[in-house]
Amino acid sequence: MAAAPISKAPIDAEEILALVLARLEDDKSEDTVSIDLRGKTSIADYMVVSSGRSQRHVGAVAEHLIEALKAAGVRQVRVEGQPACDWVLIDAGDVIVHVFQPEVRSFYNIEKMWSGTARA
């Protein structure tokens, strides 16, 4: 009789955030900003906004981050924008990551929008 597999505790928002920030730093992502969304919205606990230098860099950063999240046990990682790599959104549940090309990031300026939310 085979032993039952040992279940792993789900990774929490702070652990996901630490993993995301470390991976972005390792991949030389630029101008990384972390926004605490707790108490502001129910969509996530944290939002991370970062830039890559080119489409290729944005794509590589996103791919490495997706692989790292899955390896850490984050379930149901959802990704949008990967084919074009101007703006890749990675939804890791409690942490949402945006990786932009600099000109696209400045156009949308989403960190200003989310940083300026009303405080409770």
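This is a short exchange about how the labels on this predicted model are earned.

User: What elements does the protein have, and in what order do they run?

Analyst: The protein has 4 helices and 5 strands. From the N terminus on, they run α-β-β-α-β-β-β-α-α.

User: Why is Ser-50 called buried or exposed?

Analyst: Look at its relative accessible area, which is 0%. Buried means under 20%. The value falls under that cut-off, so Ser-50 is buried.

User: Where is Ser-50 found, and what does it touch?

Analyst: Ser-50 is found in strand β2. Leaving out residues up to four places away in sequence, it touches Leu-24, Ser-29, Glu-30, Asp-31, Thr-32, His-98, Val-99, Phe-100 and Arg-105.

User: What makes the approach of Ser-50 to the backbone oxygen of Glu-30 a polar contact?

Analyst: The side chain of Ser-50 reaches that oxygen at 3.3 Å. A polar contact needs a pair of N or O atoms within 3.5 Å, one able to donate a hydrogen and the other to accept it. The distance of 3.3 Å meets the limit, so the pair counts.

User: How do you know whether Ala-72 is buried, partly exposed or exposed?

Analyst: Ala-72 has a relative accessible area of 23%. Buried stops at 20% and exposed starts over 50%. The value sits in between, so Ala-72 is partly exposed. It lies in the loop between α2 and β3. Its C-alpha atom is 7.7 Å from that of Ile-11, although the two residues are 61 residues apart along the chain.

User: Why does Cys-85 get its burial label, and where does it lie?

Analyst: Its relative accessible area is 10%. That is under 20%, so Cys-85 is buried. Cys-85 lies in the loop between β3 and β4. Its phi is near 60°, a positive value in a residue other than glycine.

User: What makes Asn-109 partly exposed?

Analyst: Its relative accessibility is 32%. This is between the cut-offs of 20% and 50%, so Asn-109 counts as partly exposed. Asn-109 lies in the loop between α3 (102-108) and α4 (110-115). Asn-109 also has a positive phi, about 50°, although it is not a glycine.

User: How much of the protein is buried?

Analyst: Buried residues make up 38% of the 120 residues.

User: Why are β1 and β2 said to pair?

Analyst: Two strands pair if there are at least two bridges between them. β1 and β2 (residues 46-51) are joined by 5 bridges, so they pair. They run antiparallel. In this pairing, Asp-36 stands opposite Tyr-46.

User: What about β3 and β4?

Analyst: They have 3 bridges, which meets the minimum of two, so they pair too. The sense is antiparallel. Arg-78 stands opposite Asp-91 in β4. The hairpin of β3 and β4 has 6 residues between the strands, and Gly-81 there takes a positive phi near 90°.

User: How many bridges join β4 to β5?

Analyst: There are 5, and the strands run antiparallel. Ile-90 has Val-97 of β5 as its bridge partner. β4 and β5 form a hairpin with 3 residues between them. Gly-93 in the turn has a positive phi of about 85°.

User: What makes β1 and β3 edge strands?

Analyst: Each pairs on one side only. The strand order is β1-β2-β5-β4-β3, in an open sheet with mixed pairing. The twist averages 15° from one strand to the next.

User: Where do the helices α1 and α2 lie on the sheet?

Analyst: α1 lies across β1, β2 and β5, at about 5° to β2. α2 lies across β3, β4 and β5, at about 10° to β4.

User: How do α1 and α2 pack, and which residues make the contact?

Analyst: Their axes are 10 Å apart, at an angle of about 145°. The crossing is right-handed. Ile-16, Leu-19, Val-20, Arg-23 and Leu-24 of α1 meet Val-61, His-64, Leu-65, Ala-68 and Leu-69 of α2.

User: What kinds of residue are these?

Analyst: The contact of α1 with α2 divides into 8 nonpolar, 1 polar and 1 charged. Arg counts as charged, so Arg-23 is the charged one.

Note on methods: Residues are numbered from 1 along each chain as its sequence is written. This is a predicted model: local features need pLDDT of at least 70, side-chain atom pairs count only at pLDDT 80 or more; totals for chains, interfaces and linings use all residues. Side-chain values use heavy atoms; hydrogens and water are left out. Axes are lines fitted to C-alpha atoms, for helices over the stretch in contact, and angles run from 0 to 180 degrees between N-to-C directions. A crossing is left-handed if the near helix is turned anticlockwise from the far one by less than a right angle, and right-handed if clockwise. Contact means heavy atoms within 4.5 Å. Buried means under 20% relative accessible area, exposed over 50%, partly exposed in between (1.4 Å probe, protein chains only).
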